[in-house]
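Thanks for coming, everyone. Let me put the model up and walk you through it.

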Amino acid sequence: MKWLRFCAAALACAAVANAQSLTGRWEARMYQADEGRKMVLALTQQGSTVTGYVLQPNTTGVAILEGKVAGNALTFAVERAGRGARGATTPPPPVRTSYSAVLQGDKLVMTVPAGGRGLLNPMEFARVSTAAPGPLPPPAPRISLTSYNPVPYNGLAKTPPMGWNSWNKFAGAVTDKDVRGMADAMAGNGMKAAGYIYVNIDDTWEADRDANGMIRTNSKFPDMKALSDYVHGKGLKLGIYSGPGPFTCAGYEASINHDTQDAKQYAAWGVDYLKYDWCSGGTVYDGASMTQQAAYAKMGEALLKSGRKIVFSLCQYGQNDVGSWGAKVGGNAWRTTGDIRDTWQSLVDIGFNQQVGREKFSGPGHWNDPDMLEIGNGGMTTTEYQTHMSLWCLLAAPLLAGNDLRSMKPEILEILTNKEAIAVNQDKLGKQAVRVSPPVPADQAADTSVKELHNATGGDLQVFSRPLADGGHAVGLFNLGAATAKVTAKWSDIGIKGSHKVRDLWTHADRGAFTGEFSADVPSHGVVMIKIAK
Ligand code: GLA
């Protein structure tokens with residue numbers, strides 16, 4: 001027994017003695033498709049305790065918390081600035097992330113927690129120095145912007161923009177070849193004919209700046225002008241992505257202090273659409289709504305003066321009550337929430353729970369954007385994707401397909417190109433649907449500051465209705481529940497009287513004339529979408 005105890009103690013001592021100290025600077029490549037962006041661990045190990053900080057290109061350094069070594073395993077946590085809830089006007093609480101890594105030979109192999117779309121996982125850190133790192137670099141003073149001139153309307157997006165965006169399917173892996181492939185597919189498969197026009201490159205096309213400060217593309221996009229010529233040659237338009245901070249969300253070069261220059265470069269390339277993502281903005285700007293507005297207005301103004309008509313799409317996840325000022329900074333659309341995922345839960349959270357009450361901000365030229373479509377990405381059923389499409393059409397949301405258009409199943413193409421649903425989305429009146437049943441509580445409906453309103457769930461059976469330019473109404477009867485259920489749209493809720501013809505926009509069949517109400521059995525997670533004639 002004694003002997004056993006001695007052995008265990010000796011083995012433990014040997015493990016500690018043999019364990020390589022982790023002290024030093026470690027670097028790992030963050031994205032498969034990019035050599036440039038590195039995550040850095042600056043570590044000091046004392047016994048089993050590790051201190052130091054993590055550096056990422058899109059953040060200032062964050063201190064390592066609770067760093068511990070046990071055998072070959074390192075665990076630690078960091079706290080980063082949160083993005084903030086939709087509508088929040090105070091700085092959000094920090095978000096804590098836990099990491100674990102294992103020393104394998106001379107590499108530290110770290111598992112990245114879920115959520116970092118496009119990140120390499122695991123990441124392999126190589127030691128670039130064994131010197132104990134200095135202290136965490138202090139953050140730069142925050143930028144405050146105190147005013148801006150309202151940006152005049154650019155005349156674009158009179159109906160919600162339609163097209164494709166690379167992020168949901170490709171994230172950091174998107175290439176020039178993929179974008180050309182999407183343009184080919186879109187032009188040939190009926191999508192262009194159905195109204196899809198923009199082919200939008202999201203994050204990860206950027207490299208660095210040249211000696212004059214002009215942004216350069218990375219090797220995935222060797223010639224942006226040639227790509228735009230190609231896309232234009234198909235009768236389509238090209239979109240691109242940046243942000244008002246120093247780095248994009250994936251850690252690439254963004255547009256701070258270069259807005260005018262970047263807008264000119266986009267125009268020279270022949271870009272027709274810009275998604276402008278806050279991302280690292282929180283690390284350099286002071287967090288005030290005015291500062292964020294003015295940062296967006298700079299690019300709004302720069303695009304107007306760029307010499308090319310460029311749709312301006314804001315992406316700051318609905319912070320600072322963006323609907324109330326998005327159009328004033330030149331925005332043609334603004335994201336209202338965090339990122340959508342290809343799951344039913346995400347669709348419910350983003351599409352149903354966080355959009356009601358925002359309709360007052362939306363209209364021709366300036367739209368609420370509940371994020372891009374996940375239709376066809378495989379995480380939901382065909383019924384759920386039909387619900388996704390119906391809701392986005394009713395909400396007058398931008399319709400940006402997010403799947404691989406080169407290889408989709410016929411039923412997915414059919415959903416994306418349902419002309420009767422698209423006609424609702426593109427209706428000239430531009431009125432976003434209101435949830436009429438269950439009604440949004442009056443105190444919330446009257447609340448222009450948005451606040452918690454968007455988290456109001458409407459239960460399993462929900463009816464959304466929007467008036468159309470021809471005097472009719474488009475109505476969605478949704479069943480979020482687990483079993484088929486009867487859903488009823490009452491004329492009194494919709495604001496009509498008498499007998500009206502009803503057409504089913506998914507079966508493309510006239511259902512006859514109805515008085516007072518229309519009911520349908522709706523499958524679990526499904527929809528019956530109708531047009532009620534004038
Ligand atoms: C943010 C946006 C996404 C996408 C990524 C790119 O998360 O909300 O839509 O653009 O950045 O890094």
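Start with strand β24, residues 499-504. It pairs with β25 in the antiparallel sense, over six bridges. Take one of the residue pairs there: the bridge partner of Asp504 is Ala509 in β25. Please keep in mind that this is a predicted model.

Now step back to the whole sheet. Six strands form an open sheet here, and the pairing is antiparallel. The order is β20-β21-β22-β27-β24-β25. Which strands sit at the edges? They are β20 and β25, the latter covering 509-515, and each pairs on one side only. Neighbouring strands of this sheet are turned against each other by 30 degrees on average, direction ignored.

A helix goes with this sheet. Helix α10, residues 382-394, lies across β21 (461-467), β22 (473-479) and β27 (527-532). Against β22, helix α10 runs at about 145 degrees.

On to the other sheet. How many strands does the open sheet with parallel pairing have? Eight. Read them in order: β18-β17-β16-β15-β14-β11-β10-β19. The edge strands are β18 (367-369) and β19 (399-401), and each of them pairs on one side only. Here the average turn between neighbouring strands is 25 degrees, again with direction ignored. As a reminder, strands of a sheet pair through backbone hydrogen bonds, either parallel or antiparallel.

Look at the β19 end. Strand β10, residues 162-165, is joined to β19 by three bridges, and the two run parallel. Within that pairing, Gly163 stands opposite Leu400 in β19. This sheet has a helix across it as well. Helix α3, residues 176-188, lies across β10, β11 (198-200) and β14 (237-242). Its direction is at about 160 degrees to β11.

Next, the ligand. There are 14 residues around it. Which of them come nearest? Asp202, Asp203, Lys275, Asp277 and Asp339. By type, the shell splits into seven nonpolar and seven charged residues, with no polar ones.

Now some distances. Asp339 has a polar side-chain atom 2.5 Å from an oxygen atom of the ligand. For Asp203, an N or O atom of the side chain is 2.7 Å from a ligand oxygen. For Arg335, the corresponding distance from a side-chain N or O atom to an oxygen of the ligand is 3.1 Å. How much of the ligand does the protein bury? Taken alone, the ligand exposes 310 Å², and the protein buries 96% of that.

Last topic: backbone geometry. Most residues other than glycine have a negative phi, and most peptide bonds are trans. We have three places to look at against that background.

One is Glu66. This residue is not a glycine, yet its phi is positive, about 50 degrees. Where is Glu66? In strand β5, residues 65-70.

Then the prolines. Asn121 and Pro122 are joined by a cis peptide bond, with omega about 0 degrees. Pro122 belongs to the loop between β8 (107-111) and β9 (123-129). Further along, the peptide bond from Ser437 to Pro438 is also cis, and its omega is near -10 degrees. Pro438 lies in the loop between β20 (434-437) and α13 (442-445).

That brings us back to β20, an edge strand of the six-stranded sheet we started with. Questions, please.

Key: Residues numbered from 1 in each chain as written. Predicted model: local features only at pLDDT ≥ 70, side-chain atom pairs only at ≥ 80, totals over all residues. Heavy atoms only, no water. Pairing = 2+ DSSP bridges. Helix = DSSP H or I, 4+ residues; strand = E, 2+ residues; numbered from the N terminus. Axes fitted to C-alpha atoms, helices over the stretch in contact; angles between N-to-C directions. Contact = heavy atoms within 4.5 Å. Near = heavy atom within 4 Å. Polar contact = N/O pair within 3.5 Å; in protein donor to acceptor, adjacent residues only side chain to side chain. Areas by Shrake-Rupley, 256 points an atom, 1.4 Å probe, with all protein chains shown as cover. Nonpolar A, V, L, I, M, F, W, Y, C, P; charged D, E, K, R; others polar.
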